[in-house]
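Welcome! Please open your viewer, get your selection tool ready, and follow along at your own pace.

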Amino acid sequence: MQEDYVNLAEISASAAGQEGALWTLRESSELNANLVRFGAGGGVAEHINHEVDVLFVGVTGCGGVTVDGEAHPLSSGTMVFVPRGAKRSVRSASEDFAYLSVHRRRGPLQIGG
């Protein structure tokens with residue numbers, strides 16, 4: 001698949017019933033981008049990322065991103081910025097909730113660091 005143009009809404013719509021990462025940018029050495037989809041009530045539990053800032057961009061459906069206890073709605077065309085070190089979680093409010101997460105590519109994982 002050519003990655004300089006991707007229709008994220010089309011990818012999400014064609015994956016009805018699937019959850020998790022549907023698409024990942026593979027051609028960049030500097031950026032990490034993932035299209036993630038969840039059904040109603042699904043999402044990512046609260047956690048802290050100490051390494052990178054992250055942008056969440058709504059693609060389809062509706063849900064929300066909670067950042068340090070503050071809820072932010074996320075739907076098609078909206079964006080939430082999460083600075084590194086912030087507590088965050090993602091929760092879907094519809095069956096077709098999909099978002100794009102984008103951040104600087106991290107180095108390899110280190111064990112015991």
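Here is a short tour, stop by stop, of a model that is predicted.

**Stop 1: the largest pocket**

Start by selecting V54, F56, R88, S101 and H103. Among the 14 residues that line the largest pocket, these lie nearest its centre. The space in this pocket comes to about 190 Å³.

Which strands supply at least two residues each of the lining of the largest pocket? Colour β2 (31-38), β3 (43-48), β4 (54-60), β8 (87-92) and β9 (97-104), and you will have them on screen. Now try colouring the lining by residue type: six of its residues are nonpolar, six are polar and two are charged.

**Stop 2: a strand by the pocket**

Stay with β9 for a moment and pick Y99, which is found in this strand. Is Y99 buried or exposed? Its relative accessibility is 3%, and anything under 20% counts as buried, so Y99 is buried.

Next, draw a distance from the C-alpha atom of Y99 to that of V54, one of the pocket residues you selected earlier. The viewer should give 12 Å for this pair, whose members are 45 residues apart along the chain.

Draw a second distance from Y99, this time to L25. Here the C-alpha atoms are separated by 14 Å, and the two residues are 74 apart along the chain. L25 itself is found in the loop between β1 and β2. With a relative accessibility of 15%, L25 counts as buried.

**Stop 3: a pair in space**

Now select C62 and A98. How many residues apart are they in sequence? The answer is 36, while their C-alpha atoms are 7.8 Å apart in space. C62 lies in strand β5, and its relative accessible area of 33% makes C62 partly exposed.

**Stop 4: an unusual backbone angle**

Move along to D68, in the loop between β5 (62-67) and β6 (70-75). Most residues other than glycine have a negative phi. D68 is not a glycine, yet its phi is positive, at about 50 degrees. Switch on the surface as well: the relative accessibility of D68 is 53%, so this residue counts as exposed.

**Stop 5: a patch on the surface**

Keep the surface on and select L55, M79 and F81. What do these three residues form? They make up a nonpolar patch on the surface, and their accessible area together is about 270 Å². Zoom in on F81, which belongs to strand β7 (residues 79-82). Its relative accessibility is 44%, so F81 counts as partly exposed.

**Stop 6: a buried loop residue**

For the last stop, select A15. Where does A15 lie? You will find it in the loop between α1 (8-13) and β1 (20-24). Although A15 is in a loop, it counts as buried, with 5% relative accessibility. Finish with one more distance, from the C-alpha atom of A15 to that of T66: these atoms are separated by 25 Å, and the residues are 51 apart along the chain.

Definitions and conventions:
Residues are numbered from 1 along each chain as its sequence is written. This is a predicted model: local features need pLDDT of at least 70, side-chain atom pairs count only at pLDDT 80 or more; totals for chains, interfaces and linings use all residues. Side-chain values use heavy atoms; hydrogens and water are left out. On a 1 Å grid over the protein atoms alone, a cavity is a set of points where a 1.4 Å probe fits but cannot get out, and a pocket is an open set with protein on both sides within 12 Å along at least five of seven lines; lining residues have an atom within 4 Å of a point. Grid points are joined across faces, edges and corners, and a volume is the space filled by probe spheres set on the points. Helices (H or I, at least four residues) and strands (E, at least two) are DSSP runs, numbered from the N terminus. Ala, Val, Leu, Ile, Met, Phe, Trp, Tyr, Cys and Pro count as nonpolar, Asp, Glu, Lys and Arg as charged, and the others, Gly among them, as polar. Patches are made of residues with over 30% relative accessible area and no salt bridge: like charges are joined within 9 Å, nonpolar side chains (Val, Leu, Ile, Met, Phe, Trp, Tyr) within 5 Å. Accessible areas come from the Shrake-Rupley method with a 1.4 Å probe; for residues, only the protein chains shown count as cover. A salt bridge is a side-chain nitrogen of Lys or Arg within 4 Å of a carboxyl oxygen of Asp or Glu. Buried means under 20% relative accessible area, exposed over 50%, partly exposed in between (1.4 Å probe, protein chains only).
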